[in-house]
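Visitor: I would like a close look at one part of this model. Please start there and then work outward.

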Amino acid sequence: MSPRIRTPVVDRPRLVELVSRGVDGPLTVVSGAAGSGKTLLVASWCATATSPGPVAWLTLEPEDDAPGAFWAYVIAALRRAGARLPDDVGEPFLDSSVAHHLLARVADSLATDATPVVLVLDQFEAVTSRQVHQELDVLLRHTAGMLRLVLLTRDDGSRWLHRYELRGDLVRIRNADLAFTEEEAACLLQQHGLQLPPAALSALTEQTSGWAAGLRLCALSMQRRGGPAPFEAPLPGTDPTVTGYLVDEVLEGQPPDVRDFLARTCVVDRLCPALADALTGRADGEVVLRRLQTADVLTTEVEQAPGWYRYHPLLLHVLRAELGRARPGSVDELHRRASAWFEREGLLLEAVRHAAAASDWQAATAVVVRRLGIGRILVGRETNQLDAALLDLPATVGGSMPAVIRAARALTVFDLEACREQVAAAEERAEDEAEADRPPLLASTAVIRAIVARIDGDLPAAESALAAGESQLSRTPEAGAHPEMHALLLSSVGTVQLWAGRFDEAEQVLRRGLAVSAGPGCQYPRLNVLGRLAVLEYARGELGRAAELGRAEVARADESGLPVARRTGAGHLALALVAVDQGDQTAARRHLDAAAASVGARQDPLVAAWVPMLRALVHADHRDARRALSSLAAVPAAAGGRSLPPWLADRLALTSALVHTERRDAAAAEAALDAVTPPSAQQVVARATLALAGGDRGRAAELLSPVLAGELIDDTGSQVEAWLLAARVHLANRARPLAREALRRALSLAEPERRRRVFLRPGGPGRGLLSAFPDLVGANGWLGLTPPVGSGTPGPRGAAVAGPVEMPAEPLTNRETTVLVRMAQAMSAEDIAHDLFLSINTVKTHQRGIYRKLAVSRRNDAVRKARSLGLV
């Protein structure tokens, strides 16, 4: 919605037509000095109701100069204007960066809408971020012409604009275009009840260069003097630093009490009557502000915030300069009053900024701590803004409040040593603070300690921080308005409990965190909680629940445009783990790469340790033992040199044993299994796998007995693999009925969670079995395999042969048929060699024989022809 026009407007059809022509294309730039009439022009165009679609208007502030903040406000403005954005387009909750897929969804939804949307960005010069400019360019280029962008700016030099100009897709309206003609200047003066002789009008227009603000200021000066006066001295033009005397003309016409009001209220960027009263010590703020606006003393009401006002930048500049010159001793006091008022109103950022402007660092840090703003320093869209406001906090300023702020800022850059030092200093000095300030102070240090304990994997420290934090928050009246503090505590402690293997306690704490983090400002802790619960469910063998929670975290991160590098990594890790077990290699690689790129892979011991472990498993599945061993060797360093908890150390040992078994290094595999804490079904199954690989079927059967009997159970996965190994033993012993029943049991156990990996993994226990019992393949479509033709089960749809196919003149040997069956299961030559205990050269010799006998030259053709002949 465009700003309401509150003052008389000079009809300027030539410029309105220029705006209309610009909006017919993708990009319009209206650039000019302060007071040149940019905003009024485009607002006037909006009032003509000639827009091709809804108009989303956003007036930008300096604090919007960050991708997250910028796009959050743009998306909100588009929605307010009626743009139909889908539900999966959320708003960024961190201000530092935005993932491209969020912008892609915005672009796609705008491109597919039937009606164009006009987006007006006023005061665009406030946004200097190169990333924002690039992202805006990308959005504009991918909306199929359905987004019409209008930029109002004092600076039109952005490089990305030139490409549009070269293509003829940019309409510029510059300072010279905005300058008033003599006729337009005459109309403006008539609105003030003034009429100049032609020569004086010409001189005034020339001397002001047609500058709208200059003309209006001159009109106000004439009104004060009672009529036109000659303008003999040249006016200073549009440079806001040299227009003071024009404003002085306006100020001198105000009563002394109004001039005093203006001087005392100019320290703030926006003003409401109550704030004005707090700054002036008077009670007439509302009356004076309305009078200033009505009299057009460069004061306007803020469109997006009714009841709030702004002074024109020219007026503000002169007022502040004059205040600093005439009453320098009052500046700091006015900033302190502003800070106190903003604090009472719960406007934390403004309160901190004004306290810092007064160099009152005790007050600036105290307001953050008292109002539980530590959570907003650590997470949220105001992180960078608060950090910038506190950037100049001197190292010499002592006390517990500044120490807490230093600790939080150190934590945001993972300087844990400095963080611990400052937390200790804050707690040592806590008794020096007022009694009412101690609970929020100690609650803040508890939250910081909990996060540090999460990074360290220190369970006692985390649980101690949780107890202290909850105790102090219960004594803090502000706590109810800041659920992010409790969410950070629970998220951090649940994470450490999961790391330590205390699954039941971790679930209880994380579930509490999930409930708490439904409140505002808790988006990031909520992502962490969802991801940890996903990993927890996977560790318990609940693949479906793990995937559901992992998808929930990733979806929320996607909706908010959170870049992968800023994510917890836990949700992606859980999805990668599930994808590996379910045999979805593409999804496994995608999520594993995302987990590896996340901040969790650098600062979270659980994610950091598990990523290379899982990567080793993936390499092993692809028969790349060298890279698998390299990934395993990287685990200790990835975990930051910490000792892995027993449950994770067992997984590392089991993964290592699998890799060594694939390499047929029995001694190394046995040594790895010796490190697993008994009794463990996974360990027993791994030993049985090793025994079977060495040809000792009796030993394998003996080892599997307690698992098959249900006497030793870890999770469903180990039971599935145990039944598969039992089937292999039975098949090797020529007991096909027993083998078939064991395979059926394995399939039945694996189906609910879709555990495909053990059946499909090259060299795994299930690959050879499936070819021996093709009817079970057909009965278990969830495996995603095609039953061989002639197996008594239907083949894939559309697999009918186009014509008669002759049988080969020379029949395939038994070994060639065996190799062909595995080729039909998409096994590589290396996999077939490993599965049949042959050399790779022998396998390739058999493949050449198959190609010759079937009269084909490629693998796919051989498999297709073999199926048509019923050979596989």
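Visitor: Leaving aside its neighbours within four places in sequence, which residues is V23 in contact with?

Guide: A caution comes before the answer. This is a predicted model. Now to V23. Once neighbours within four places in sequence are set aside, V23 is in contact with T28, W45, P52, V118, R148 and V150. V23 belongs to helix α1, which spans residues 13–23. Its relative accessible area is 2%, so V23 is buried. The cut-off for that word is under 20%.

One of those partners deserves its own look. T28 sits in strand β1, residues 27–31. Its relative accessibility is 0%, so T28 counts as buried too. With neighbours within four places again left out, T28 is in contact with G22, V23, L149, V150, L151, L170 and V171. V150 therefore appears among the partners of T28 as well as those of V23. The contact between V23 and T28 joins a residue of helix α1 to a residue of strand β1.

Next, a long separation that starts from V23. V23 and Q683 are 660 residues apart along the chain. Their C-alpha atoms are separated by 69 Å. A700 gives another such pair, this time with R291. These two are 409 residues apart in sequence, and 94 Å lies between their C-alpha atoms. A700 is placed in helix α38, residues 697–708. At 1% relative accessibility, it counts as buried. Not counting residues up to four places away in sequence, A700 touches A688, A691, L692 and V729.

S464 makes a contrast in spacing. S464 and R449 are 15 residues apart along the chain, with 9.0 Å between their C-alpha atoms. S464 lies in helix α24, which runs over residues 459–473. Its relative accessibility of 47% makes S464 partly exposed.

Now the interior as a whole. The largest nonpolar core has 95 residues. Those with the most contacts inside this core are L271, L275, Y311, V368, I374, L411 and I448. Helix α23, residues 438–456, gives the most to the core, with nine residues. A separate core of 53 residues lies apart from it, and L498, F503, Y538 and V580 are among its members.

Y311 merits a longer stop. Neighbours within four places aside, Y311 is in contact with F261, L262, T265, C266, L271, L289, L292, L298, T299, L316 and L319. L271 is thus on the contact list of Y311, and both residues are among those with the most contacts inside the largest core.

Both also border an enclosed space. A search of the whole structure finds one cavity of 30 Å³ or more. Its volume is about 30 Å³. T265, V268, D269, R270, L271, Y309, R310 and Y311 line the cavity. Strand β7, residues 309–311, supplies the largest share of this lining, three residues. By character, the lining divides into four nonpolar residues, one polar and three charged. T265 belongs to the lining and is also one of the contacts of Y311.

What about the cysteines? The count of disulfides comes to zero. A disulfide is a covalent bond between the sulfur atoms of two cysteines. For C218, the reason is distance. Its closest cysteine sulfur is in C187, 17 Å away, and so too far for a bond. The cut-off for a disulfide is within 2.5 Å. C218 has a relative accessible area of 1% and is buried. C46 is buried as well, with a relative accessible area of 15%.

Last, the backbone. Most residues other than glycine have a negative phi. Two exceptions stand out here. Q123 is not a glycine, yet its phi is positive, near 55°. Q123 is placed in the loop between β3 (117–122) and α5 (130–141). With 33% relative accessibility, Q123 counts as partly exposed. R623 is another non-glycine with a positive phi, of about 60°. Its loop lies between α32 (605–621) and α33 (625–633). R623 is partly exposed, at 22% relative accessibility.

Back to the starting point, then. V23 is buried at 2%, and T28, one of its contacts, is buried at 0%.

Methods
Residues are numbered from 1 along each chain as its sequence is written. This is a predicted model: local features need pLDDT of at least 70, side-chain atom pairs count only at pLDDT 80 or more; totals for chains, interfaces and linings use all residues. Side-chain values use heavy atoms; hydrogens and water are left out. A nonpolar core is a set of buried Ala, Val, Leu, Ile, Met, Phe, Trp, Tyr and Cys residues joined through side-chain atoms within 4.5 Å. Buried means under 20% relative accessible area, exposed over 50%, partly exposed in between (1.4 Å probe, protein chains only). Helices (H or I, at least four residues) and strands (E, at least two) are DSSP runs, numbered from the N terminus. Contact means heavy atoms within 4.5 Å. On a 1 Å grid over the protein atoms alone, a cavity is a set of points where a 1.4 Å probe fits but cannot get out, and a pocket is an open set with protein on both sides within 12 Å along at least five of seven lines; lining residues have an atom within 4 Å of a point. Grid points are joined across faces, edges and corners, and a volume is the space filled by probe spheres set on the points. Ala, Val, Leu, Ile, Met, Phe, Trp, Tyr, Cys and Pro count as nonpolar, Asp, Glu, Lys and Arg as charged, and the others, Gly among them, as polar.
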